[in-house]
Structure formats: C-alpha cells, structure tokens
Amino acid sequence: MNDSTLQISRQVFGIDAWGNGYFGINAAGNVCVYPFGDERASLDLGELMNTATRRKIQTPILFRFPQILETQLNRLHKAFQNAMEETKYEGNLRCVFPFKVNQRKEFIEEIVRCGHKHAYGLEVGTKTELFAALHYELHPEALLICNGFKDSHLIELAFDAKKMGKNIILVIEGTDELKYIIEYAKTVGFCVDIGLRAKLYAKGSGLWEKSGGAESKFGLSTVEMTEALYLIEEAGLKEHLVMVHYHIGSQITEIKRVKNAMKEASRVYAKICRSGFNLKILNIGGGIGVDYDGSKTSFYVSANYTLQEFANDVVYIIQEVCKSENVKCPTIVSESGRFVAAFHSLLITDVREVEKMGGEISEVVLSESSHKILVDLLNVCKSINGKNYVEYYHDALEYREELFTLFNLGFLELEDRARSEVIFDEICSKALYYHAVSGVHLEEFEDLAKTRTSKYLANFSIFQSIPDFWGIQQLFPVMPITRLNEKTTRTGVIMDITCDSDGCLGKFVDKHDVKQSLELHVPQSNKPYYVGFFLVGAYQEALGNNHNLFGAVNELNVRVGENGTIERIDDVRGEDVGELLRMFNYRDDEILSGYVKQLRKRLDDQAITSAEYDLIWARIKVFLTEYPYLVSKSRLEIIG
Ligand SMILES: *Cc1c(COP(=O)(O)O)cnc(C)c1O
C-alpha cells in the first residue's frame, strides 16, 4: 500500500523527471536529496527540518547543498570533455561562472573552491561584480571575463587586474569603450586582452529570445565589428584580440537554435582568424536550459536536449567550421550559469493555514435513524477506489440531489444535511485524487478540481524567494516534503504572507501541461506541514526584492558525508527587521526615540503605568533583531 502510494507521489509531483538525479522520495515518504547526483549518499529533508528546529532556525529556510553545485559543475565539464574526446578536438575548455546568476558570498565562495580543479573562472558584467570577483585567488589559468557596459573606472580596474596577474579579457560591446581602452593602453604602456561580442543573426528561443538577433541590445553588428578590427590593428594591439563572444539568451529551449548560433559564431571566429588576427578563444555564452517541469520539450520552462547533446553539437560544429576554414580550433568557453546553479538550493517553509472546505469526515457519525440515502452516500465514500471512481462519483451526485429534495420536503434534519455535505466533499477529494493519479484527463474532474482548490497560506514571500514566478511566470517544482506515503486529499494554491494579491502561486509544473493547483495533504494540527520550492539556485536570490519589507531568509548550508550523515552544517541568519528598515534609510535611533517620545507622553498622561512602560519598551528594543517572517513560538517552546 505504502509502496504504491510512494510511486504515485513520484508521478504526481514528477520528481524523477525534474530532479536530475538530485532529488527523490525515500521509503519514509520524505523528499530526500542526493548531493552527488546518485545513490551514494542522501539526506532526508524531513529530518533536516527537525535539525533546523532543534537549532531554533525559523522558516522560511533556504537550504544550500554545495555538493550539488560541485556535481553539476563536474557534469558540465565532463560533457564537454566527452565531446572533445569523441571528436578528437584539438583545443581546450575553460568555463566561467556568470556572477549575475547568484552573487551571494556563500555561493561564489563555493564556486571558486570547487571550480579550482577545472580552472573555472568568473564572468562579470558590472563594476561591482568585477570588484568583488578580483579579490578571489582563482586558478592561475582561470579566465576573468568582463562583459557589459564599461566606464573608464571599470577599464582602469581591469588594467590593474592584469598587473595582479589575472587573465582578464575585456569584451567590447561598442566602439567607444574600445577607443578608451586603446587610449588608456597608450598611457600606461601595456594592454589587457580583448574580446569582441558578436551580434548574431541567429536567435535563442524561449523567454529570452530577444537577447539574440539583429535587434538585440548587446554586441557588435558586422559593420561595428569591422570598424573595431580596424581600430585594434591601427593601434598596434592585434595580438591582444584573443576572443570572440556571443550570448543569445538564457534558457534556450530548442537545440536547433543552439546549433544555428554556433554555426554563425564559428564562422565569424574563423573569418577573423583568416583576416590575420590570432584569436584563441570562442566564448559561446550561457543559455543551457534547465528542465524545470521535467517535460524535455521546447516549452518555456524546459529544454528539448540533454547537456551531452548540447556539448556534442557545440564541439562538432566548431570543429567542422574551423576545418573548412583551415584555422586552428579555439579554446571553448561556456558561460552557462543557470544550469550550474539552479539545482543546488531549495526553499522550505511551513503552511500556516488552510482555508476550510468543510467539516472533517472523521467526525461524521451516522445513527440508526439516519436516512438510507445518507448511509448509501457514506458507503460510496468508503468504497470509492481507482477503478470505480467515475461511476461512484456519479452515484454520489445523484444521492446528493435526492438528499437535497428530501431536505426541501422536510424529511431531512439540518444536521444530516451538514453531514451529507461533508461526506460529499470527501468523495470529491477522493475522486480527484484517483483522477490525478490515473493520468487520464477527464474534463468533468478537471472542472471539479478548479472549483475545489483550497488556499494554503505559506510562510514566505514570493517576491523575495521566487521573484521570477511573479516577474516572468517562471515555474518551479513545488511539493510537500513529507507524508508522501500518504495520499493527498486536497488540491490547493499557495498564498504567501505578503499583502499583495500577486503573492499567490497558482501555476505548477506538470509533465504534460501546467497545473492550476497542487496536490496537498490536510495539515495535522500538532505538526508543521512543510512545502518545498525546488531549483531556485539561479537568479532568484539576485532578483528577490523586499516587497512588504520581507528580507533574505535564513539559510542552512549542508554537506553530506559519504555514509549519508551530515558532515557539516552552517547557518546564515536572514535579515532582521532592523536591517530591512536601514536599507530603506530608517535609522535605529530615530525609530527608538520616536517610540520613547510617545510612550513618555502616555506615561505623563497617566494612560499607562510605569510597569507597562517598561514592559513595552523592553519588547520594542529587541524588535529590531526580529525575523520578519511569521515565527512559530509555540513550536519552538515545545522543542526548546
Ligand atoms: C546572463 C549571462 C549568462 C548566463 O546565462 P545562463 O542562461 O544563466 O546560462 C552568460 N553570459 C552572459 C553574457 C550573460 O549576460
């Protein structure tokens, strides 16, 4: 029974499809994490939440699994290495991580640490990112690639970076910045390496299609590129032009688009080489898609190719084009960030309230005198199953109709009518459950599902933790992390605790479609009911905002030992009320003196006693260090 329920849960939530080997459901019915992407070691998320509670870390909690990051990074390199071995590619691989995908210190430090063995570098797009990136001691051969719009200060910092021994490459986005670089090189008597960002005719696909193509915001058109080549040659800096770069957008959903861009960019690379420049690097940008819904299609939250297929196509096309143009194969640089970062973190929070749909079936007791039809309705409820649910649901509809008539004729008491509603509600839940797991799509039940979704209030902010859901309808896998050996009996949408009607999650990943509601359990009164939001490691932390003054959440960084125990766990406290207010220019002393002034007045007016004054004042002083999300005091008291 349990085993088959586990199997059903796997299907309903699609965890094997989007989990990429990192997530699964264990025999205890909890979601577990496989940080190495295989069964070597796993961590039970339900138990991790117990650990968090013991440590008095409050929800919402962001879990980081640095070993997932490392595994994903290894997979990226392995895929390209496989492809290069297969085709006997005569060139190297030097990947970089794009800073903008996740700039949190905890994250970047891990990238720097586990990237060392691959000579993994960093890609930056702004002054601040460059400044932060330069303080790390990367592998001596790692690249530091500088994209984006540059002012003189950034360019000067890049020249200093070269003196610091960095392999820095300034990617030219326009001829003006190139002119400044040339001028500055003359002044200081040396020059950094330069790359050219090509504006390709080829476009990506999916939400970021606009990043590619002739109208793209970035890169040099063919005319500008010719002008840039002329300027570089004229300045005598030919040997400093080392790289051609392009990036046709994030989350490319179709492999066809990848190939088209690759063909065009390889040709640009080869032609520049043939015109007498000694290029060494072809930077293919980012864009490797993450299959958020597990559908393996060109749907906007998916990708219709595997990593290996991507790498094979890239390597093969570059080699073919270089061969035909008779130029040496370049070092390949991938800037894919989403693919590297997305899997490593997830958010867990607890449900605080469920909008009540009706009474509890367990409280329904029929007596000897209960009407026969009511007894029949209860029997339907008890014996409905996966084989008969359509027929039994129809029977229930009929019984309900009859009971309604009986009531109108005065043959049914109010209590019995209430009981019939609770029983009918339970039958609907069960029928919907069997429909969901059957995999068939019957319109009748889909319509029923829409009318019956409950609202689950979860302790988090969509704007802070999954802003892309709000901003661009990005979908993330969401599911309960415990009780997966129990049937779900509700479908619901998830509301956050912001006072914004946009703070409601009503679209969920599905292998075939987009689900309008999620299968959920009824929370038990004595235990927290946890929901996990997965694959949030890319972009969400960078884009998260402080709507309603909610801030960065508590974090737990977890490393697993080979035997499946926790090897190390570090916590990073989320932002408190004081930090959030300071970010918006409030000052602690002003806030506190505002309180004092008002309280004093109340005291002087004898509206409060001095004991009350002291009590209120004591509470206010510590409030600045309060976690802005809903605390669950009772739970902490039980444990602490
Ligand atoms: C954003 C960006 C990337 C990363 O794209 P992903 O979709 O995260 O792989 C790479 N290169 C450049 C220039 C970018 O702007």
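User: Which residue stands opposite V33 in strand 3?

Analyst: That's L43. Keep in mind that this is a predicted model.

User: How do you know that strand 2 and strand 3 are paired?

Analyst: Pairing needs at least two bridges between the strands. Two bridges join strand 2, residues 31–33, to strand 3, so the pair meets that cut-off. The two strands run antiparallel.

User: What makes strand 1 and strand 3 edge strands?

Analyst: They belong to an open sheet of three strands with the order 1-2-3 and antiparallel pairing. Strand 1 (23–25) and strand 3 (43–44) each pair on one side only.

User: What does the sheet of eight strands look like?

Analyst: That one is open too, with the order 5-6-7-8-9-10-11-12 and parallel pairing. Its edges are strand 5 (96–98) and strand 12 (331–333), each of which pairs on one side only. From one strand to the next, the twist averages 25°.

User: Why do strand 8 and strand 9 count as a pair?

Analyst: Same approach: the rule asks for at least two bridges. Four bridges join strand 8 (residues 167–172) to strand 9 (residues 193–197), so they pair. Here the strands run parallel, and L170 stands opposite I194 in strand 9.

User: Where does helix 7 lie?

Analyst: Helix 7, residues 152–163, lies across strand 7 (143–146) and strand 8. Relative to strand 8, helix 7 runs at about 150°.

User: Which residues come nearest to the ligand?

Analyst: There are 17 residues around the ligand, and K100, S250, E335, R338 and Y539 come nearest.

User: Why is the approach of E335 to the ligand called a polar contact?

Analyst: The cut-off is 3.5 Å between N or O atoms. A polar side-chain atom of E335 lies 2.6 Å from a nitrogen atom of the ligand, so the pair qualifies.

User: What about R338 and Y539?

Analyst: For R338, a backbone N or O atom lies 2.8 Å from an oxygen atom of the ligand, so that is within the 3.5 Å limit. Y539 uses a polar side-chain atom, which lies 2.6 Å from an oxygen atom of the ligand, and therefore passes the 3.5 Å test as well.

User: How much of the ligand does the protein bury?

Analyst: Taken alone, the ligand exposes 390 Å², and the protein buries 93% of that.

User: What classes of residue make up the shell around the ligand?

Analyst: The shell has nine polar, five charged and three nonpolar residues. E335 counts as charged, because Glu is in that class.

Methods. Residues numbered from 1 in each chain as written. Predicted model: local features only at pLDDT ≥ 70, side-chain atom pairs only at ≥ 80, totals over all residues. Heavy atoms only, no water. Near = heavy atom within 4 Å. Polar contact = N/O pair within 3.5 Å; in protein donor to acceptor, adjacent residues only side chain to side chain. Areas by Shrake-Rupley, 256 points an atom, 1.4 Å probe, with all protein chains shown as cover. Axes fitted to C-alpha atoms, helices over the stretch in contact; angles between N-to-C directions. Contact = heavy atoms within 4.5 Å.
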